[in-house]
Amino acid sequence: MISVHNFPSPRICCIGAGYVGGPTMAMIAKQCPDIPVHVVDVNQHRIDQWNSSDLPIYEPGLQDVVEEARGRNLTFSTDVEGAIKSSNIIFISVNTPTKTFGIGAGRAANLEFIEKCARKIAECSTGHKVVVEKSTLPVRTAEAVKRILMSSANNATFDVLSNPEFLAEGTAIADLLNPDRVLIGGESEAAVEQLASVYGRWIPRERILTTNLWSSELSKLTANAFLAQRVSSINAISALCEATGADVDEVARAIGTDSRIGPKFLKASVGFGGSCFQKDILNLVYLCEHFGLNEVAKYWEQVVTMNDYQKKRFSARIVRTMFHTVSDKKIAIWGFAFKKDTNDTRESAAIYICRDLLEERARLTIYDPQVPESQIRAELTAVFQDTVGGLSEHHQRLIENNVLVSRDPYEAAKDSHAIAVLTEWDEFKRLDMTRVFHAMHRPAFLFDGRNILDAMHLASIGFEVHSIGRPSYRAGG
Ligand code: UDX
Ligand code: ADP
């Protein structure tokens, strides 16, 4: 039982106005109209977008939440110092990408941005502050954050808490409104209770779990590793289904009804993406290796290996099915985001499928309802840069000459030899597929990387349909 304390009224700031910081703070501000919530970021453009009607992230329901609180108790600015000074609870919600250089490259988290935040907080703070790690971090990062904070020149004092965010993009508002749990790790009971009392305004107390700091940090990595593992497990079985004639969706349904397994996160796909799963598993792997737990490291690494295999398998299947060549063939890519209902493309499977098809000299026309052309081109440029350490002229030409971005799915599919569905946007289920079919070359191939379309119906129109872990269908059998 947590004791009752007399806290100063909370004044919140959040450093980092991204996919996590923005929606989370908007929800706190909405639910606690009396608490000032100040979100700051070094990126002026991002802040301008948060202050406009064109938010930087697409998330169903977010606009309403922001509009309700903005101007009342929710503010967005680049005044990092001012926000730190005027608040007593400071969330750190900056990005922690996988390191691309030096020790731990490709595995460890890059903590540069976290450290910069901690130094800034140490520099500007006076009095007592509660510092909350919101970003996903390797275990024991709080230790480093604490040491940096202790170097404060102004004799400020700090409590450090870990409060990882479990929201999933695309359902962030529902997840924030009604989370399965809120996790708060920390040593100071008073600080833990101070933060718990903010969430307690709308979340039942029994769903607010408190742990020690390290358990909280590790729980976030573990939750993502378990979720990703389920996707890789069903994707592994999808390969076997394709070889044997079983249907992976039927298998998922059959095993998901076992209450010990449960039905969620068993949707076979072209591969998981997003900013968290791969990064967090690699982080876990790095930690295990650091502690000499090589078997444990290998075990988790296999989840990522399987995901890479799934993506490769899909692009290879497209090439193989289309008579072993896609060179100069037009392929429509439907969906570029890493999942539906988001404009986020980080680690999206679509990036890797497009890369492989471009290497095979296909001509791609990409349609996504939320992802802007500039972002698609930036992702493709980055993926080719990754592999050769700089963009070769050849790859630059491929991106310039072989990639079109369309604002309309019908136009994208017109005159194409194949369509590849890479994101499960609902609108793809409502398209007039007879119209699509008549505008395509024959055979009209459709590769459903999300198993969202009715393959038998499409075959009756005339398509040749290849899905994940399911038998293929074509007109006449
Ligand atoms: C994930 C966690 O779910 C969330 O708790 C954490 O805070 C951040 O990481 P997110 O990456 O936003 O959230 O989305 P999620 O719904 O988990 O999907 C991740 C990827 O797995 C997507 O590419 C999705 O398409 C894929 N996926 C998910 C599948 O392929 N099959 C499934 O059954 C579920
Ligand atoms: P996430 O998905 O974890 O929210 P994002 O990349 O969407 O990650 O957002 C992180 C944000 O943090 C970015 O907008 C970035 O500009 C911001 N940021 C990074 N470092 C700092 C810093 N030192 N001070 C303020 N903002 C920062």
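The following paragraphs describe the surroundings of two ligands and one sheet in a predicted model.

Local features were considered at pLDDT of at least 70 and side-chain atom pairs at pLDDT 80 or more, whereas totals for chains, interfaces and linings use all residues, and side-chain values rest on heavy atoms, with hydrogens and water left out. Residues are numbered from 1 along each chain as its sequence is written, with chains lettered from A and ligands numbered from 1 in the order in which they are written.

Ligand 1 is surrounded by 20 residues, of which Phe 166, Glu 169, Ser 269, Lys 339 and Arg 450 come nearest; a residue is taken as near if one of its heavy atoms lies within 4 Å of the molecule. By class, this shell comprises 11 nonpolar, 3 polar and 6 charged residues, where Ala, Val, Leu, Ile, Met, Phe, Trp, Tyr, Cys and Pro count as nonpolar, Asp, Glu, Lys and Arg as charged, and the others, Gly among them, as polar. Helix α9 (residues 213–244) supplies the largest share of the shell, 4 residues, helices (H or I, at least four residues) and strands (E, at least two) being DSSP runs numbered from the N terminus. Among the pairs of N or O atoms within 3.5 Å, an oxygen atom of ligand 1 lies 2.6 Å from a side-chain N or O atom of Ser 269, and an oxygen atom of the ligand is 2.7 Å from a polar backbone atom of Phe 166. The protein covers 90% of the 660 Å² of accessible area that ligand 1 has on its own, as computed by the Shrake-Rupley method with a 1.4 Å probe.

Around ligand 2 there are 15 residues, the closest being Tyr 19, Val 20, Asp 41, Arg 46 and Arg 346, and this shell divides into 7 nonpolar, 5 polar and 3 charged residues. Oxygen atoms of ligand 2 are approached by polar side-chain atoms of Asp 41, at 2.6 Å, and of Arg 46, at 2.7 Å. Of the 590 Å² that ligand 2 exposes when taken alone, the protein buries 86%.

An open sheet is formed by 6 strands with parallel pairing, in the order β11-β10-β9-β12-β13-β14, two strands being paired if DSSP finds at least two bridges between them. The edge strands, β11 (403–406) and β14 (464–467), each pair on one side only. Strand β10 (residues 363–367) is joined to β11 by 4 bridges, and Leu 364 stands opposite Val 403 in β11.

Key. A polar contact is a pair of N or O atoms within 3.5 Å; within protein, one must be able to donate a hydrogen and the other to accept it, and residues adjacent in sequence count only if both atoms are side-chain atoms.
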